[in-house]
Structure formats: structure tokens, C-alpha cells
Amino acid sequence: MASYILKRLSQTFIVLLGISLVTFILMNVVPGDPVLLMLEKRATPEAVERIRREMGLDKPKTTQYLNFVAGAARLDLGRSYFTKEPVMTALSRRFGVTLRLASSAYAIAMVVGISLGVASALQRGRVFDSLIRGGAVLGISAPVFWVAIILQMVFGLRLGLFPISGIRSPNSFVLPAIALGLRYVASISRVTRTSMLEVIGQDYIRTARAKGLAERVVILKHALKNALIPIITLAGTELGNLLAGSMLTEWVFSIPGIGKLMVDSILMRDLPMLQGTVLYVAVVFVVSNLVVDISYAFIDPRIRYARGD
Amino acid sequence: MPVPTDGNMPDQMHDMSTGESASGGFFVDSVVRMSGNKLVILSLLVLALLIVSAIFAPWLAPYDPTEQVLADSLQGPGRKHLLGTDEMGRDILSRIIYGARISLSVGFVSQLIACSIGVLLGSLAGYYGGLADTVVSRAIEIFAAFPELLFAIGIMFVLGPGVINVFIALGLLSWTQYARLVRGQVMQLREMEYTQACIVCGGSNARIIVRHLLPNCMSTIIVLVTLGIPGAILTEASLSYIGLGVQPPTASWGQMISTAQQYISFYPYYSITPGVAIIITVLAFNIFGDGLRDALDPRLRD
């Protein structure tokens, strides 16, 4: 077990280094001089030169990259070109908002997705099953931002039940969480259904029924528990996707989270801020995958040995 | 990629195929198997319709999609404009039909790029192993470590907006899936006796890979392409929605939704149509892809 974790950790370390390199390259091949972008046209050449030196942009690219990595390791990601706020401060201020949105969406996805998946598997072949499955394919086929707009139109404007932008009232998170969670409800319910059907066909389920256990116990304790492994894998990947993918939802609902920060910094060409948010999202994604893999190994002992490579 | 993970859609299909004994070759058999599923056939018809209307857009669209008649702006559906007009008085139906060109070409071209990169690197890694494999595998891990939309946004930010750049960004985004699967399959096939026989007979490495190994990966690749297209279409829509994708005045569904958003309070109808167009297209690809996977390569189900 320890060696498996160690192996995954060292892999993650390499991937993180790769991510920092890719992020750095992306930000350095952006057309346009960042200093000129920042200062507008009026600045004198001396001022441009001075700022370039202050920001370390006169150093060779390799030194710049090493400084970037060293900074990132100390949680120092530079300052915004425009607000001068340290990127890390902005990130941590907005992290809470994104976390709140993502965790509500996640809760919806897990509870609704697993229940629908189990119900669909138990009703296999009936109308209810077809409805759930049809709904699930529809759910993964609809663009998140469009679903968000439709929710705004129906529940915000037409029915006036929930606010459609900002985070002022506690109700503000309802529509965004549904919009964001919906596609994950779809994917989780699909996997749950498949996995449940596979488990229900096993001999030990027949045995459990034969010894007279209540159907509820058979389904929840015997079937669902064993069907959970693929669900957990997906749930883990989706957690990363959710934290990273809240971007469009935050944008539609004007929620001041990391995603909106990222889109804003793209539109304003605020490179340090963009670099920081990209790095943040990628790290969250990688770390959540790592946690899933490790917890996966705890749940299913076969993996510790088989998935070494 | 939002690759559908269930795929129990064609449950009835397997029952139909078991009676078949006269074989017409692998692909013919698969088509026969697939034709038993009504949903899959329906989705294929929808796709054919979409492709035809994209190709013949200039003849099918009732109006020029960029022609502005400001006097007619923001009209609801009516006899003159079947799906109404947008804020510039342009015919929405015509813009939807032209938008199909963008979405479909993004889907096909980006997957073609992804497939070429992925198959090349995946087969090299799987066949040669060792250093080649280590390098490619790490590259796959690093590329896959970025959430897809984020990665697409990053590349579009660097390249700048435009259709060609969307092709490139989405191609670079999804090659890892092809590489991963082809690598695995080539690795297995390499150990097969017929491959060993080829090596002994002095077949060159390139010949073995191209003539003997890749044809055996074909069904996997076809399924991946079909299931990759809807993901690419959705990502393009997202990119165009936030203004990093296809630029106006070219009609693209995502960008139409973005413009329509300003009018949701008094002209909600405008927002609905492009979204429905996206859903129909993506849905048809997903259902067809699921059917294709079950017919060609059920192992891909997970």
C-alpha cells in the first residue's frame, strides 16, 4: 500500500511540474508585450524598462521559469497587472464561493444521480427506466451554459422564485447549483445503473435473496455497496471537473468565484491572474484525482497490485 | 470528454444478433447488428439530415445569414421568418443552418487532428515501449491533467479566436484518449503470434504497425471518433459563448446563445432555438456513437 501511494505521489509530482511548464509556456507565447499591455501607450521607454526589470522580465526565460516555480511553491503567484492585488489573495478570497457552488452541485449530483441510477436499474426495461435513461442522455448532451440560461428564464424571470445573478441572498446558489449539477446527475446515474445491473446479476445477490433478506437490505447493503467502485471513480473525476468547470455557470450567474475570475482575466488579458487561476484549477484537478486513486486502492485491494504501472 | 459511460441503450440488439450465422465480414456484421436498433437508425437519419443541410446551406437557407434588415429585428416566429429574426434582423433559421456548418466541421476536423496525433504517438509508444513509451505516457498524463475546457481556453487565448484555431485547440485537447487506447491495444497486439511471425519474416517496423496492428485497432478508433465529435461540438459552443471561439458575423450556435442572452427578459425565444440545435446534434452523435460502440467494440463500455 505504502509503495503504491509513494508511486502515485511521485507521478503526481512530475505531472505538477509538467503543468507548471505548460502554464508558463502558454503565458509566454501570448502575443503582445505584457508590460506594454499594462502601461498603455503613454509610458516612456525608461518606465517600460524599469517595470520590466522590476517584474523580472529582463531575465532569461529559464530563470523566469525557475522563479515562477519557486514562487508557486511558496504560494506566491505574483500580482494582478490591474488591481495590483496578489494573485494568491484573490484566489483564496474567491475559492470559498466556488467551493460553495461546486459542493452544492456535487451534493445534488451524487444524491439524485445515485438514486435515479439505482431506481432505473431496479425498473430495468420499464417506462420509468427508459425515461431516466433518455433524460440522462439529454443531460449530457445539453450545453451547461444554455441550461443555466433556461433556468434563469423559467425560475428567475418567469416564476420569480430565485435570483438570477450575484450571491447576495442565500437562495442565489439554488439555480447555479442545479445548472452545474445536472450534467453530473446524468453521468452518475448512467454509471450507477450499469454498475448496479452488473452486480444484481451476481450469484451472491441471489444467495442474499434466497436466505430471505429484505429486498431493501439486499439492494442497499449487498448490491449498492459493491456497485460503488465505478461510481466512486467517476465521482472523483467529476469532482475535479466540477471545481474546474464551474467557470461557465459562474459567468452566466455573475457569481464571483474562481471561474468568473478566470474569464474576467482572459478578457482583460491579466496574465499573472490568468496564470494563477489556470495553475490553481489544474492542481485541484490533479490532487482530486490523486485522492480518488488512493481511496480507490483502500476500497478495492485488487488495485494496489494490479495498477502499479 | 463527456464520453457516455453507460451505453445499455441497445439492450435488445444483442438478442437480435445471436441468430446470425452467415457472416459478411466484421464490419458488415456490425452494421447488421446495429440496424436492429431503431433509436440508432433514427439518430443516423438525424445526422444525415444535419450533414446534408450543412453542405447545402446556401441552397436550403431561406435568407443570407449575415444580411441585416434592421426594420425586422427581434421578430418572433412567423410566416416570413420561420424561426424569427435576431437583433440585427437576420433570419434565425438561416443562421442555425449555417451554424451547423461550423459545429459539424469543428466536430469532424478536430477529431481528425486528435486522431492523427493520438494514433501516431500511441502506436509508437505501444510498439517500441521503453523510452518512447515513458515519454508519451507522461505527455498523456500532463495533457490529461488539465480540465478540457480550461485547456481549450488556454490555447484559444494564445492562438486568438477563429475557426481554424478552434480546430487546432480541440484537436490538441483530445488526442490523449486516442493515444491511450491505441497504445494499450498495440501493446497487446505486439505480443500476438502473427506479429512475432512478421518480425521473424523480416517485416519492417513501419509495415507491421501500419499493415498489421493499426487495422486491428480500427473499430476502437472509429468509436472514439464518433463519441469524440459531440464533446468537441459542446466545447466549441462553450468557447464561442465566452467569445473565444468563432467570431461574428459568422453564425455559430454558441455565439448566438451568447447574444440572445441580452434579450432573455422580453424575447426568450431567441435563446431557445440555438440551444435546441446543439442538443439535437450532440444527442444524435451520442446515441449513434453508443450504438456503434456496442456493435463494434463492446469492450469500450465502462
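**Chain B: helices, core and the side facing chain A**

From the N terminus on, this predicted model arranges the elements of chain B as α-α-α-α-α-α-α-α-α-α-α-α.

Q: How many helices and how many strands does chain B have?
A: Chain B has twelve helices and zero strands. A strand would need an E run of at least two residues, and the count of such elements in chain B is zero.

Q: What makes B:Ala152 part of a nonpolar core?
A: A nonpolar core takes in buried residues of certain types, Ala among them, joined through C-beta atoms within 7 Å. B:Ala152 belongs to the largest nonpolar core, which has 157 residues, and therefore counts as buried. B:Ala152 and B:Tyr178 are the residues with the most contacts inside this core.

Q: Which residues is B:Ala152 in contact with, leaving aside its neighbours within four places in sequence?
A: They are B:Ala169, B:Leu170, B:Leu173, B:Thr235 and B:Leu239. Each of these pairs is called a contact because the C-beta atoms lie within 7 Å.

Q: What share of chain B counts as buried?
A: Of its 302 residues, 48% do; each of those has 20 or more other C-beta atoms within 10 Å of its own.

Q: How many residues of chain B are in contact with chain A?
A: 36 residues of chain B are in contact with 40 residues of chain A. Helices 6, 7, 10 and 12 of chain B each supply at least two residues of this side, and the largest share, eight residues, comes from helix 12.

Q: How do the residues of the side of chain B that touches chain A divide?
A: They divide into 24 nonpolar, nine polar and three charged.

Conventions: Residues numbered from 1 in each chain as written. Chains lettered and ligands numbered in written order. Predicted model: local features only at pLDDT ≥ 70, side-chain atom pairs only at ≥ 80, totals over all residues. Buried ≥ 20, exposed ≤ 12 C-beta atoms within 10 Å, placed from the backbone. Contact = placed C-beta atoms within 7 Å. Helix = DSSP H or I, 4+ residues; strand = E, 2+ residues; numbered from the N terminus. Nonpolar A, V, L, I, M, F, W, Y, C, P; charged D, E, K, R; others polar.
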